[in-house]
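Me: I should like a close look at one part of this protein, set in the context of the whole chain. Please treat the matter in one connected answer.

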Amino acid sequence: MMRSVTLGTNALTVRNLNACDCLKFNGTQIQSIRWKRKPIWLPTAKSKMFRIPEHAPIPEDEKIELQRLNQNYKTLSNSVLKYFHKKHNETVKTLETHVLEENMKKDFEICSYLNDLWNKQVAAARKERLANERVNRMEEIAMKLKEKQERDLQIQKRVDAEIRKAKEESSTFITPKNIDKSIDDALETIVDHNAAIDLNGNVYKDEPKISVSLNATN
C-alpha cells in the first residue's frame, strides 16, 4: 500500500508519490525503500548542510588491513575491466568483413570435410549391406529354385502315373473300330444285379432263384 499524501508536503514529494502510484501495478519490478523521518529524495536540512561529522578513530592495524583490501579490490576491478576490454576488442575484430569471410570459409571447409567423411562411412556401410542382401537374395533364389524343382518333379510323377493309368485303361475304351463288337457284347452279356449281403459284409451273387409259389406250398 502507498502512503497517503497529507497536507504540508512539498511538490517534489507529491510528484514522486504520484509516479509510484502509476507504477504500483507492476509490483515485481518495484523496490521498496524505508525511511524513518523523511523521504530519501528530500534535500539536506539547512541546519545540517555545513556540519562536518566526527569520524571515530581507526586503529593502525585495522587501517593497514583496510588499505590492503582496498588495493586488492582496485587490482581485481582493473583486471576484470581489462579482460572485458580484451573480449570486446576480439568481438569487434571478428565482426570485420574479411574476418567474417575467413571464418565462414574455415567453417565451410570443416563442414565439407565432415560431410565427405560421413559420406564415405555411409557408402561403406551401404556397400556392405547391399553385399549381404545380395548373398541372402541369391541363397533365397536358390532355395526357391530347389523347391520348384521338387514340386515340378512331384507333379511330373503324378502326371506320369495318370498317363500310365489312362494308357492301361485305354484298352477298354470304345473306339470307332470296335464299337460294333462292343454293342454285340453288351447285348449278349446278361448282367444280374441281384445280390445280397450278410451281417459280416459278405456279398452273395448268382444264387438259385426260388419262386414264391414253391415257398408257399412248402
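In what order do the elements of the protein chain run from the N terminus on? Please then look closely at helix α3 (residues 97-169): which side chains meet there in salt bridges, such as that of Lys-106?

Reply: The model is a predicted one. From the N terminus on, the elements of the protein chain follow the order α-α-α-α-β-β-α, which comprises five helices and two strands.

Confidence comes before any detail. The protein chain has a mean pLDDT of 80, with 77% of its residues at 70 or more. Helix α3, spanning residues 97-169, has the highest confidence in the chain, at a mean of 92, whereas helix α5 (residues 212-217) has the lowest, at 48. Residues 21-25 have a pLDDT below 50, and this stretch makes four contacts in the model beyond near neighbours in sequence. Over residues 212-218 the pLDDT likewise stays under 50, and the model has one contact for them beyond four places in sequence. Where pLDDT is low, the predicted coordinates should not be read in detail.

The surroundings of the helix can be described through the chain as a whole. Of its 218 residues, 2% count as buried. The exposed area of the chain is about 21600 Å², of which carbon and sulfur atoms supply 58%. Among contacts between residues at least 6 apart in sequence, 19% join residues at least 24 apart.

Now to the salt bridges. Side chains of opposite charge can pair when their charged atoms come close. The count comes to eight salt bridges, and three pairs within helix α3 may be taken in sequence order.

One of these pairs is Lys-106 with Glu-102, whose side chains meet at 3.7 Å, N to O. The cut-off for a salt bridge is 4 Å, so this distance qualifies. The two residues are four apart in helix α3, and about one helical turn therefore separates them. Lys-106 has a relative accessible area of 44% and is partly exposed; Glu-102, at 42%, is partly exposed too.

Further along, Glu-133 forms a salt bridge with Arg-129, and their closest N and O atoms are 3.3 Å apart. Both residues belong to helix α3 and lie four residues apart, about one turn of the helix. Glu-133 has a relative accessible area of 41%, which places it in the partly exposed class, and Arg-129 is partly exposed at 42%.

In the pair Lys-144 and Glu-140, the side chains meet in a salt bridge at 3.3 Å, N to O. Here again helix α3 holds both residues, with four residues, or about one turn, between their positions. Lys-144 counts as partly exposed at 45% relative accessibility, and Glu-140 counts as partly exposed at 33%. Salt bridges that share partners also bring in Arg-137, joining Arg-137, Glu-140 and Lys-144 into one network.

Outside this helix, one further side-chain pairing deserves mention. The structure holds one aromatic pair. Its rings belong to Tyr-83 and Phe-84, with centres 6.1 Å apart and planes at 50°, so the pair is tilted. Tyr-83 is partly exposed at 45% relative accessibility, whereas Phe-84 is exposed, with a relative accessible area of 52%. The cut-off between these two classes is 50%, which is why Tyr-83 and Phe-84 are classed apart.

Conventions: Residues are numbered from 1 along each chain as its sequence is written. Side-chain values use heavy atoms; hydrogens and water are left out. Rings of Phe, Tyr and Trp (its six-membered ring) pair if their centres lie within 6.5 Å; planes under 30 degrees apart count as stacked, over 60 as edge-to-face and the rest as tilted. Buried means under 20% relative accessible area, exposed over 50%, partly exposed in between (1.4 Å probe, protein chains only). Contact means heavy atoms within 4.5 Å. Accessible areas come from the Shrake-Rupley method with a 1.4 Å probe; for residues, only the protein chains shown count as cover. pLDDT is the predictor's confidence in each residue, from 0 to 100.
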